[in-house]
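Student: I would like a close look at one part of this model, followed outward from a single residue. Please keep the answer connected.

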Amino acid sequence: MIPRLKPALSWKEIWAAFAFWRKVTVQDFEYTFAKTLGSQYALAFPYGRTGLMFAIHALGIKDKEIICPAYTCVVVAHAIVLSGNIPVFVDSKRDSFNMDFELVNQAINENTGAIIATSIFGEAVDCDAVKKIQLDYPKIKIIQDCAHSFGAKWNDSFVQKVGDCAIYGLNISKIMTSIFGGMVTMDDEDLYLHLKQLRDTELSWIAQIHPLHKTKSHMYLKQYFLKKCGNITKSLKYLCYLLAVWVGFNRYIYGFLNSLERLGLLNRFVKYYDENKIDMPLDYLNNMTKIQARVGIVQCEKYQKIIEHRQKIAAIYFEGLKNTSDIILPPNNAGDTFSHFVVRMKNADAFIKHCRQQGIQLGALIDYHIPSMPTYKKHQYYSHQLSETWPGNVVNLPVHLGVSEVDAEKIIKLFQLDS
Ligand SMILES: *Cc1c(COP(=O)(O)O)cnc(C)c1O
């Protein structure tokens, strides 16, 4: 069975996770991450969304509108709301999954505080459009969402070099992983020092119980417990999780457990948010552990190899599928890094089922549309009526290190038999 996603984990990460004697700190991971991604500074957070909340805070944005894509991960909208701001959604461009900057320009008003520039699925965001907004509206902050786009480049330069800061997600479904986790990168020293100070006050083990979880007493207790013993509990939990993931994603075991997905087990591993509730995971203010830092550093060493592999497999798909009727291929720009290779087609469900019977699991991300969700229905949405038609009509072809060139050819054949 070829799984739809597979973290690039080997014995090296497992060894690193258990190497308690190594004097590696979270700060070392931050340093390595920044260097690998070509940024001046990086700050680690428990989740990408926590990093986003803190970045918004550090940029001084409060009670403002924050423009973000309609077709993105819903936790981005949650983080905006929970930071005390209002998300304003913008549809995608016609030939792309990324947000349409013409619509962004329509959405801008005097209450706009920031724009989340997302390179969704690893498709580099149009940095010329971003720069133009910076020129026209110097007060509006730009936060790059690079959770899907480690290393994506626009005109040969990393996308995150444009804008105030960038956020990354590091859970096991991302291009690189530190089990869970997030990073914020930036080049500005003042912003770095300010964000670091905010984080170090709010994320210490004996910090105040966060207001978000004050309402329910059992949650309060749980949160309190997490704060007190957070590091030990979290470290043990993450070690077990890492082992389970490593074993579970083995090609043979995954096939043996091929019902994983149908039992909803895979989603339990990679989906840790509720689409219908605006909230955060309970441990969203718990510091990143040293275990995660050690795993993350090994991943940084593999970064180049991971990206190149994804680009290579994507190129095979583009070539092999270019004449296939009834499907729409994703954009193909030189700097894209393909966190997902997303094909649009009718009856995606039936095709996914057919492929699973052939031993290939395809994904269906992103299978929702934020402004259509009950919690966000009342929010402003600048639309071409485009991205609302995508859920249910997209399939993700695997591009991870577990997919060989032969596998990719096999997957291409599945399309040809089908059409
Ligand atoms: C995963 C993801 C995030 C946030 O990362 P978490 O670590 O899950 O909070 C942000 N934006 C996008 C587009 C993502 O896919």
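Student: Is Val104 buried or exposed, and what is its relative accessible area?

Tutor: The model is predicted, and what follows describes that model. Val104 is buried, because its relative accessible area is 0% and the cut-off for that class is under 20%. The residue belongs to helix 5, which runs over residues 101-107. A link across the sequence starts here: the C-alpha of Val104 is 9.2 Å from the C-alpha of Pro69, although 35 residues separate the two along the chain.

Pro69 is the next stop. This proline lies in strand 2, residues 65-69. With a relative accessible area of 4%, Pro69 falls under the 20% limit and is therefore buried as well. Pro69 also has a partner further along the chain, since its C-alpha is 8.7 Å from that of Ile370, at a sequence separation of 301 residues. Pro69 thus has C-alpha separations of 9.2 Å to Val104 and 8.7 Å to Ile370.

Two other pairs can be read in the same manner. Val245 sits in helix 8, residues 217-248, and has a relative accessible area of 0%, so it counts as buried. The C-alpha of Val245 is 8.4 Å from that of Pro7, with their positions 238 residues apart in the chain. Pro330 lies in the loop between strand 10 and strand 11. Its relative accessible area is 11%, which is under 20%, so Pro330 is buried too. Pro330 pairs with Glu123: the C-alpha atoms are 8.8 Å apart and the positions differ by 207 residues.

The loop that holds Pro330 also contains Phe338, and it joins strand 10 (327-328) to strand 11 (341-345). Here the backbone deserves attention. Phe338 is not a glycine, yet its phi is positive, about 50°. Most residues other than glycine have a negative phi, and most peptide bonds are trans. Phe338 is buried, because its relative accessibility is 6% against a limit of 20%.

Ile179 has a positive phi too, near 75°, and is likewise not a glycine. This isoleucine is found in the loop between strand 8 (165-169) and strand 9 (182-186). Its relative accessible area of 1% places Ile179 among the buried residues. A further backbone point concerns the peptide bond from Leu365 to Ile366, which is cis, with omega near 0°. Ile366 is located in the loop between helix 12 (348-357) and strand 12 (381-382).

A side-chain contact comes next. Ser39 occupies the loop between helix 2 (26-37) and strand 1 (41-45). At 10% relative accessible area, Ser39 is buried. The side chain of Ser39 makes a polar contact of 3.4 Å with the side chain of Gln160.

That leaves the ligand. It is surrounded by 15 residues, and the closest are Gly48, Arg49, Asp145, His148 and Lys174. By class, the shell holds six nonpolar, six polar and three charged residues. For three of the closest residues, atom pairs can be given. Gly48 places a backbone N or O atom 2.7 Å from an oxygen atom of the ligand. Arg49 has a polar side-chain atom at 2.7 Å from a ligand oxygen. With Asp145 the ligand atom is a nitrogen, and it lies 2.7 Å from an N or O atom of the aspartate side chain. The protein buries 98% of the 380 Å² that the ligand exposes when taken alone. The space the ligand takes up is the largest cavity. Helix 3 (48-58) and helix 4 (74-82) are the elements that contribute two or more residues to the shell around the ligand.

To return to the starting point, Val104 has a relative accessible area of 0% and is buried, and its C-alpha is 9.2 Å from that of Pro69.

Notes. Residues are numbered from 1 along each chain as its sequence is written. This is a predicted model: local features need pLDDT of at least 70, side-chain atom pairs count only at pLDDT 80 or more; totals for chains, interfaces and linings use all residues. Side-chain values use heavy atoms; hydrogens and water are left out. A residue is near a molecule or strand if one of its heavy atoms lies within 4 Å of it. A polar contact is a pair of N or O atoms within 3.5 Å; within protein, one must be able to donate a hydrogen and the other to accept it, and residues adjacent in sequence count only if both atoms are side-chain atoms. Accessible areas come from the Shrake-Rupley method with a 1.4 Å probe; for residues, only the protein chains shown count as cover. On a 1 Å grid over the protein atoms alone, a cavity is a set of points where a 1.4 Å probe fits but cannot get out, and a pocket is an open set with protein on both sides within 12 Å along at least five of seven lines; lining residues have an atom within 4 Å of a point. A molecule sits in a cavity or pocket if more than half of its atoms lie within 2 Å of its grid points. Helices (H or I, at least four residues) and strands (E, at least two) are DSSP runs, numbered from the N terminus. Ala, Val, Leu, Ile, Met, Phe, Trp, Tyr, Cys and Pro count as nonpolar, Asp, Glu, Lys and Arg as charged, and the others, Gly among them, as polar. Buried means under 20% relative accessible area, exposed over 50%, partly exposed in between (1.4 Å probe, protein chains only).
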